[in-house]
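Work through the exercises below with the sequence and the structure open. Try each task before reading its solution.

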Amino acid sequence: MAGSSTFWLLILVVMFFIFLVGRLILNQYSPLFLRVGPTTLPKGSFGWPVLGETLAFLNPHPSNSLGAFLQYHCSRYGKVFKSHLFLSPTIVSCDEELNYFILQNEGKLFECSYPKPIHGILGKSSMLVAVGDTHKRLRSVAVSLVTITKSKPEFLHDIENTAIRVLRSWKDKPQVIFCKEARKFTFNVIVKQVLGLSPDEPQTTQILEDFLTFMKGLISLPLYIPGTPYARAVKARIRISATVKAIIEERRRRRRNEDGISTNKSTTRSNSDFLEILLDVDTLPEDEKVSFVLDSLLGGYETTSLLMAMVVYFLAQSPSALQQVKVEHQNIRRVKKKDEYLTWEDYNKMEFTQNVINEAMRCGNIVKFVHRKALKDVKFRDYIIPSGWKVLPVISASHLDPSLHANALQFHPWRWESEDQICKRFTPFGGGSRCCPGSELGRLEVAFFLHHLVQNFRWRTEDDEQPMAYPYVEFKRGLPIYLEHCPI
């Protein structure tokens, strides 16, 4: 009798498994035959059952190229094609016009739609995954904070002092792993600016340890099994959130004490960081304030450090560009007193430096694509993007398109003397209502670091080192650079 029950239970499990797989396959392939009136889906293929073409799409390749998958599909199906990626039927766009259309219609025709595991790590209130009113609230606060902060002398001084400390530690070193050094710089800048913590405080060390665990999980296989990088990252985020909440509570207690002593709040409050301003924002509940702090740390740490690495890498390949950058910064330093701080006015004089930053972003493609979802059937040219489908605008495709940029695969910062950096062809920070609000702060940090780097060091990179898209971008060996200390 027991054996008979086990047999029928096994049969039920097998039938359920067959039903589940069959449903997944049906859901995958039935959209191939979708037609809406006289329009049809773009051409393309759905690949293997369940997995689709995800593995081929994610196959690593140099970030200053489209990669074999996109090159093959664009040549066979055109710049807009259908596929099956991340367990969803997907429209992939390498078309400049469609990409711009998607980014400009956020919340109307399309919506941010990152895979569920990303939500599990970042949290539902993260600006990266939030949609609708939540995203609008968070972004409004971010734009306001950046506007208030970016030109403040104390913020500029913090950036410059941190850059000088990092570069002084290189004085007797023949080689450094630049990505590691860049992350040290950006973390110390952002943790001071957001939370008011200096590098040698115990809380800074604790946050950094948890943050490194968090970053490893963010780019790992999303399996929530104890001991996996993903599971450790989820727990690390909980610990970081608890640390941030404790800092917020301590800051509130300090405020109450200060307000009890003096009614002049502007003179008693010693901090002028993001958190101090954030505490006065009544439009965000507590969990959104904590998520905002985590988003600020993430954006200011990883993206900015990678941009720094791209600039250093490409300048090493272009001696003429490096020489022009050096002359520009020498001219700025020449009219200043010894050890005088850089100012916002100095930053605005770094015109060729901005061209180099633009070109490094265009060639390096820190963000290859973004995740969106169609909110309704959208007609574009002669085909339809069905409601509910995932849509992937491939930003790097426009950056590397030879019909949009002359000699597109060549690092040539002088192109930005005539090209408009605010255009459909160039969207390194996204576009529309989801354009990165902290982009100017990232540029500022890179420019100030570069100011001191080019006046104190010469460097070279290894011949076979290059940025790789996994699809997240990183250097294979962390970008080792060989140094020669040569202060001017």
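**Exercise 1.** Check whether the end-to-end length of helix α6 (residues 132–149) agrees or disagrees with the expected span.

Solution. Helices here are DSSP runs of H or I with at least four residues, strands are runs of E with at least two, and both are numbered from the N terminus. The expected span is 1.5 Å times one less than the number of residues. For the 18 residues of α6 this gives 26 Å, and the end C-alpha atoms are 26 Å apart, so the two agree. The model is predicted: local features need pLDDT of at least 70, side-chain atom pairs count only at pLDDT 80 or more, and totals for chains, interfaces and linings use all residues. Residues are numbered from 1 along each chain as its sequence is written, and side-chain values use heavy atoms, with hydrogens and water left out.

**Exercise 2.** Find the buried residues of α6 and state where they lie around the axis.

Solution. Buried means under 20% relative accessible area, exposed over 50%, and partly exposed in between (1.4 Å probe, protein chains only). By this rule H135, L138, V141, A142, L145, V146 and T149 are buried in α6. They fall within an arc of 135 degrees, taken from the directions from the helix axis to the C-beta atoms, so they line one face of α6. On the face turned away from the buried side are the exposed residues D133 and K136. Packing is judged by contact, that is, heavy atoms within 4.5 Å. The partners of the buried residues of α6 include α7 (153–168) and α13 (286–317).

**Exercise 3.** Place F214 in its helix and list its contacts away from its sequence neighbours.

Solution. F214 belongs to helix α9 (residues 202–218). Its relative accessible area is 5%, so F214 is buried. Other buried residues of α9 include I207, F211 and L218. The buried residues of α9 cover an arc of only 150 degrees, which puts them on the same side of the helix. Leaving aside neighbours within four places in sequence, F214 contacts I121, L122, A233, A236, R237, I240 and L298. For I240, 26 residues apart from F214 along the chain, the C-alpha separation is 9.1 Å.

**Exercise 4.** Give the strand order of the sheet that contains β13 and name its edge strands.

Solution. Two strands pair if DSSP finds at least two bridges between them. The order in this open, antiparallel sheet is β3-β13-β14. β3 (61–62) and β14 (473–475) each have a single partner strand, so they stand at the edges. Three bridges join β13 (residues 467–469) to β14, and A469 has V473 as its bridge partner in β14.
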